[in-house]
Amino acid sequence: PVELTTGLEAPWGLTFLPDRSALVSERISGEILRVPANGGTPQRVGVVPGVHVSSEGGLLGIAASPRFATDRTVYAVVSGRDENRVVALTIARDHRSLTVGRVLLDGIRTADRHHGGRIAIGPDGHLWIGTGDAFDPANAADDDSLNGKILRIAVDGSVPGGNPGSSPIYSKGHRNVQGIAFGPDGTAYA
């Protein structure tokens, strides 16, 4: 087991790499830290640019690409000043720096609270993103808003087949989705 409490500010996101080390996102600092597989001292990978901190906003969930060993990609949900977005980060081979490779999805409204922000790669290979209603319950039912939803996009940012419509929206009517997991049969739970 990896001990994640030593020297870390309240972590918000966690993902494991092929070498069994863990990447942890810190909501307030915008930092991503790497915890060695043996539980050693966490090392700073880098700070994600453009993170805006609010009561519940900041650097939120992270998920490593299933092909991390070759593509060095980690996906993250980032609260910005004007909107929240999903980005693809590139982590250096030595784990000591990161860059924003591209924005996969933006236009997610922001507020002081109810950001959601969890992200997972489903058994279908797509990104599943939980969003909050931006402290406005009407957003959750509004088909023109990405807030209060479970979003599903391909790792290149496109909308995959199988979504109920032609948008990233997979499920709507949620207050503040903060967890996504998958059952043995691939069923998504939030």
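The following paragraphs describe the overall build of a predicted model and then the surroundings of selected residues.

The protein contains two helices and 14 strands. Its radius of gyration is 16 Å, close to the 16 Å that the globule rule gives for 190 residues, so the protein is as compact as a globular protein of that length. The C-alpha trace spans about 45 × 35 × 30 Å along the principal axes. Of the 190 residues, 49% are buried. When contacts between residues at least 6 apart in sequence are considered, 46% of them join residues at least 24 apart. The accessible surface amounts to about 8800 Å², and carbon and sulfur atoms account for 50% of that area. Charged side chains comprise 18 positive and 20 negative groups, with the centres of the two sets 4 Å apart.

Strand β2, formed by residues 22-26, includes S25. This serine is buried, and its relative accessible area is 0%. The side chain of S25 takes part in polar contacts with the backbone at two other positions. A polar atom of the S25 side chain lies 2.9 Å from the backbone nitrogen of G13. The side chain of S25 also reaches the backbone oxygen of L60, at a distance of 2.8 Å.

R34 belongs to strand β3, which covers residues 31-35. With a relative accessibility of 15%, R34 counts as buried because the cut-off for a buried residue is under 20%. Apart from residues up to four places away in sequence, R34 touches L17, D19, S21, A22, L23, T41, P42, Q43, V45 and H95. With one of these residues, S21, the side chain of R34 forms a polar contact of 3.1 Å. V87 is separated from R34 by 53 residues in sequence, and the C-alpha atoms of the two residues are 19 Å apart in space.

T73 is located in strand β6, which consists of residues 73-79. The relative accessible area of T73 is 8%, and the residue is buried. Once neighbours within four places in sequence are left aside, the contacts of T73 are with A64, S65, F68, A88 and L89.

Backbone geometry was examined at two positions in a loop. Most residues other than glycine have a negative phi. A134, although not a glycine, has a positive phi of about 55 degrees. F135 is likewise not a glycine, and its phi is positive at about 60 degrees. A134 is placed in the loop between β10 (127-131) and α2 (138-141), and the place of F135 is also in the loop between β10 and α2. As for solvent exposure, A134 is buried, with a relative accessible area of 10%, whereas F135 counts as partly exposed at 45% relative accessibility. The assignment of F135 follows from the cut-offs, because partly exposed lies between the limit of under 20% for buried and over 50% for exposed.

Key:
Residues are numbered from 1 along each chain as its sequence is written. This is a predicted model: local features need pLDDT of at least 70, side-chain atom pairs count only at pLDDT 80 or more; totals for chains, interfaces and linings use all residues. Side-chain values use heavy atoms; hydrogens and water are left out. Helices (H or I, at least four residues) and strands (E, at least two) are DSSP runs, numbered from the N terminus. The radius of gyration is taken over C-alpha atoms; the globule rule is 2.2 Å times the number of residues to the power 0.38. Buried means under 20% relative accessible area, exposed over 50%, partly exposed in between (1.4 Å probe, protein chains only). Contact means heavy atoms within 4.5 Å. Accessible areas come from the Shrake-Rupley method with a 1.4 Å probe; for residues, only the protein chains shown count as cover. Lys and Arg count as positive and Asp and Glu as negative; His and the chain ends are not counted. The place of a charge is taken as NZ of Lys, CZ of Arg, CG of Asp or CD of Glu. A polar contact is a pair of N or O atoms within 3.5 Å; within protein, one must be able to donate a hydrogen and the other to accept it, and residues adjacent in sequence count only if both atoms are side-chain atoms.
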